[in-house]
Amino acid sequence: MEVFLQLEAILESPLTFPTLECFHIAGLAVGIGTIAIVDFRLLGLGLRDQKISTLAANLTPLTLLGLCVTFLSAGGLFYSDPDLYYLNHSFQLKMVLLLGALMFQFMVRQPRALDDPPEGSARWVGAVSLLLWASIVFCGIFIGFTVVPE
Ligand code: HEM
C-alpha cells in the first residue's frame, strides 16, 4: 500500500512528465539516430568505406537500447492521460506508423542490411525506413498541438 502511495506521489509530481519526455527524446535520439546511420549508408550517403553489414550489426545494441528507453518512457507519458491520448489523431497515426516502422525494421531493413546488398541496390529500403521513423517523430511533436474531438 505504502509503495502504491509513493508511486502515485511520483506520478503526480509536476516534474514527472517533463522528465519522462527527456528520456523519450534521449531514447529516440539514440534509437533513430543509429537507425538513420545505416539508412544513409544504404542510400550511399556517407561512411562508404564501411561494410553495410558490419555497421548494421555493430549499431544494433545501441538501436535496441534507445528504442527500449523510448518505449519505457512512453508508457509513463501515455499513463498520464490515456483517455486524451487514445482519442488524439496524431497519436493514433503515430501508433500505426510505429507498427509499420517496427515491422519494416525487423522484417525488411535489418535482414537486407545484414545481407550486404550490392552498392545502391537497397536505396529504397534506406529511404522508406528514414521516412517512416521521421514521420513518427513528426506525429509525436504534433500530439501536443492536435485538438481532441469532444
Ligand atoms: C520510437 C518510437 C517513438 C518515437 C520516435 C516517439 C517520438 C515522440 C516525440 C518526438 C514526442 C514529442 C516530444 C515533445 O514534443 O516534447 C513524443 C511524445 C509523446 N509520445 Fe512518443 N515516440 C515513440 C513511441 C511512443 C509510444 C510507443 C508511445 C505510447 C505508447 C508514445 C507516447 C507519447 C506521448 C504520450 C507523448 C507526449 C505527447 C504530448 O502530450 O505532447 N510514444 N514522442
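Which residue follows α5, and what is the sign of its phi? The residue after α5 is aspartate 116, and its phi is positive, near 45°. We'll come back to that spot after a tour of the whole model, which is a predicted one.

**The overall picture**

The protein has six helices and zero strands, so its pattern along the sequence reads α-α-α-α-α-α. Its C-alpha atoms fill a box of roughly 55 × 35 × 20 Å along the principal axes. Of the 150 residues, 23% are buried. If you look at contacts between residues at least 6 apart in sequence, 83% of them join residues at least 24 apart.

**Two helices with bends**

Start with α5, which covers residues 89-114. With 26 residues at 1.5 Å each, this helix should span 38 Å, and its end C-alpha atoms sit 35 Å apart, which agrees. There is a kink in α5 of about 45°, and glutamine 105 is at its centre. The buried residues here are Lys94, Ala101, Arg109, Arg112 and Ala113. They pack against α2, α3 and α6.

Now take α3, residues 52-79. Its 28 residues should span 40 Å at 1.5 Å a residue, and the end C-alpha atoms are 39 Å apart, which again agrees. α3 bends by about 40° at threonine 60, with proline 61 following within four residues. On the buried list for α3 are Ile52, Ala56, Leu59, Thr63, Gly66, Thr70 and Ser73. Several of these are spaced by three or four places, and there is a simple background to that. An α-helix has 3.6 residues a turn, so residues three or four places apart point the same way. The cover over the buried residues of α3 includes α2 and α5.

Asparagine 58 is also in helix α3. Is asparagine 58 buried or partly exposed? It has 14 C-beta neighbours inside 10 Å, so it counts as partly exposed. Its C-alpha atom is 9.8 Å from that of threonine 34, although the two are 24 residues apart along the chain.

**The nonpolar core**

The largest nonpolar core has 16 residues, and the members that touch the most others are Val38, Leu42, Ala56, Ala113, Trp133 and Ile136. Each of α2, α3, α5 and α6 supplies at least two residues of this core. Ala56 also appears among the buried residues of α3, and Ala113 among those of α5. Leucine 42, leaving aside residues up to four places away in sequence, touches Ile52, Ala113, Ala122, Arg123, Val125 and Gly126.

**Around the ligand**

Which residues come closest to the ligand? They are Ala74, Leu77, Gly140, Ile143 and Gly144, out of 19 that surround it. The elements giving two or more residues to this shell are α2 (16-42), α3 (52-79) and α6 (123-143). α3 gives the most, with six residues. By class, the shell has 13 nonpolar, five polar and one charged residues.

**Back to the loops**

Three loop residues are worth a look, and the table sets them side by side.

| Residue | Loop | C-beta neighbours within 10 Å | Exposure |
|---|---|---|---|
| Leucine 47 | between α2 and α3 | 13 | partly exposed |
| Lysine 51 | between α2 and α3 | 12 | exposed |
| Aspartate 116 | between α5 and α6 | 13 | partly exposed |

Why does lysine 51 count as exposed? It has 12 other C-beta atoms within 10 Å, and a residue counts as exposed at 12 or fewer. Aspartate 116 has 13 such atoms, so it is partly exposed.

The backbone angles are handy to check here too. Most residues other than glycine have a negative phi. Leucine 47, however, has a positive phi, near 50°, and aspartate 116 has a positive value near 45°.

Finally, how far apart are the C-alpha atoms of lysine 51 and aspartate 116? They are separated by 7.2 Å, with their positions 65 residues apart along the chain counted as the distance in sequence. Lysine 51 belongs to the loop between α2 and α3, and aspartate 116 to the loop between α5 and α6.

Note on methods:
Residues numbered from 1 in each chain as written. Predicted model: local features only at pLDDT ≥ 70, side-chain atom pairs only at ≥ 80, totals over all residues. Near = placed C-beta within 6 Å. Nonpolar A, V, L, I, M, F, W, Y, C, P; charged D, E, K, R; others polar. Expected span 1.5 Å × (residues − 1). Bend = angle between axes of the 7 residues up to and from the residue. Buried ≥ 20, exposed ≤ 12 C-beta atoms within 10 Å, placed from the backbone. Contact = placed C-beta atoms within 7 Å. Core = buried A, V, L, I, M, F, W, Y, C linked by C-beta atoms within 7 Å.
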